[in-house]
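Here is a friendly walk through one structure, with a few stops along the way. Please have a look at it before reading on.

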Amino acid sequence: MHKPSLEKPILEAHNISKSYEINSSSYFSIKKETIRVIKKLSLSINKGESFGIIGESGCGKSTLARILIGLDTPDNGKIFIHNQNKVNLSSIEINKLIQYVFQNPIASLNPRLTIQDSLLTPIKSFFNYDYEKSIHLIYEMLDSVGIPKTSLKKYPHEFSGGQAQRICIARALLAKPEILILDEPVSALDVSIQAQILELLVKIKKEFNLTYIFISHDLAVVKNFCDRVSVMYYGDIVEDGDTNKIFKNPLHPYTKLLVEVSPTKNKKIQSDDFGELPNMTKPPNGCLFYSRCRRRNEICYKKSPTQINKGGRFVACNFPL
Ligand SMILES: Nc1ncnc2c1ncn2[C@@H]1O[C@H](COP(=O)(O)OP(=O)(O)OP(=O)(O)O)[C@@H](O)[C@H]1O
Ligand SMILES: [Mg+2]
């Protein structure tokens, strides 16, 4: 979904699609099927904003993030960073512009490497720094995220989830990127630690002049943290707009359900909260939300909604609220 803006987009995705081949097993056989994960998805992110992506587990948030950073390639579509087509940029150039903070902090650090070695590795690939200059950069970033230098000789298992997340954020900052993709940056953490990490993210955003893509299933966090939100439903963005407007006055029935279902902090949005999921190995022709929608009618069964502009906001629904 595309939001025209007077501000300059720092990152744009146009009609991104992605499917995977999976093994599906029945009692008698195992066969290969194609699962459609992202479908002609477009988005535009402005410099300096905190852009939220929300949606339930399995809707394709991390897949989209991996495609944006270049860890996965889309089947179709184009990505532009600062108006440059991403295919014309080297992986080093991309990684110097955009970094990814993974969903599970401890698992994303190599258990066999000390923190120092984990942090030296990316510096070697980004910059031609000698050891002393590299260590100086590491000290600087650890200081920014509140981790003492004495931690450098330790291994990942010696840290709490919150400390590990701070280290992962420092590792992402080493590249001096402009954009950070934060994939569920606090959902693996205790509530009290979540607040500290969110505070840290606010601080470093100012300090390093960052743009955030903030992926979460936790609506309470997104509501407080993001300027703009896109609501993702099985591979497509069904609504996007200013965070306050989305939460106060959702236009898509799915957004309304999300807002109603997850008032409790950190409640993971689950499919069984509201009915049957679409089968993405055989996606229906009509609206993907049909089987769960309270406003559905026969048009929705046949017609896949296209995005419409309703009062300057974008929604993909045949009968928006
Ligand atoms: N490499 C892959 N091969 C096959 N299927 C995949 C692959 N990567 C993702 N998928 C499938 O794509 C769908 C979306 O996965 P993804 O991890 O992007 O969801 P998500 O929205 O990040 O979920 P969560 O909130 O649980 O992190 C899932 O059905 C997943 O099984
Ligand atoms: Mg994910």
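The notes below cover a sheet, the helix beside it, the surroundings of a ligand and a few backbone angles.

## The sheet

Please keep in mind that this is a predicted model. Let us begin with an open sheet of four strands, which follow one another in the order β2-β1-β4-β5 with antiparallel pairing. β2 and β5 (84–85) sit at the edges and have a single partner strand each, so one side of each lacks a neighbour in the sheet. As a reminder, strands of a sheet pair through backbone hydrogen bonds, in either a parallel or an antiparallel way.

Between β1 and β4 (residues 76–81), the antiparallel pairing runs over five bridges. Here S17 has N76 of β4 as its bridge partner. On the other side, β4 and β5 are antiparallel and joined by two bridges, and F80 has N85 of β5 as its bridge partner. The hairpin made by β4 and β5 has two residues between the strands, and H82 in this hairpin adopts a positive phi near 50°.

## The helix across the sheet

Which strands does α1 lie across? The helix crosses β1, β2 and β4, and runs at about 125° to β1.

## Around ligand 1

The helix and two of these strands appear again around the ligand: β1 (9–25), β2 (30–46) and α1 (61–69) each contribute at least two residues to the shell of ligand 1. The largest share, three residues, is that of α1.

Which of the 14 residues around ligand 1 come nearest? They are Y20, S57, K61, S62 and T63. Sorted by class, the shell consists of eight polar, five nonpolar and one charged residues.

## Two positive phi angles

Two further residues are worth a visit for their backbone angles. N15 is not a glycine, yet its phi is positive, at about 50°. This residue belongs to strand β1. Is N15 buried or partly exposed? It has 13 C-beta neighbours inside 10 Å, and therefore counts as partly exposed, since the buried class begins at 20 and the exposed class ends at 12.

Y234 is not a glycine either, and its phi is positive at about 40°. Its place is the loop between β9 (228–233) and β10 (236–242). Y234 counts as buried because 22 C-beta neighbours lie inside 10 Å. To put the pair together, N15 is in a strand and partly exposed, whereas Y234 is in a loop and buried.

Terms used: Residues numbered from 1 in each chain as written. Chains lettered and ligands numbered in written order. Predicted model: local features only at pLDDT ≥ 70, side-chain atom pairs only at ≥ 80, totals over all residues. Near = placed C-beta within 6 Å. Nonpolar A, V, L, I, M, F, W, Y, C, P; charged D, E, K, R; others polar. Pairing = 2+ DSSP bridges. Contact = placed C-beta atoms within 7 Å. Axes fitted to C-alpha atoms, helices over the stretch in contact; angles between N-to-C directions.
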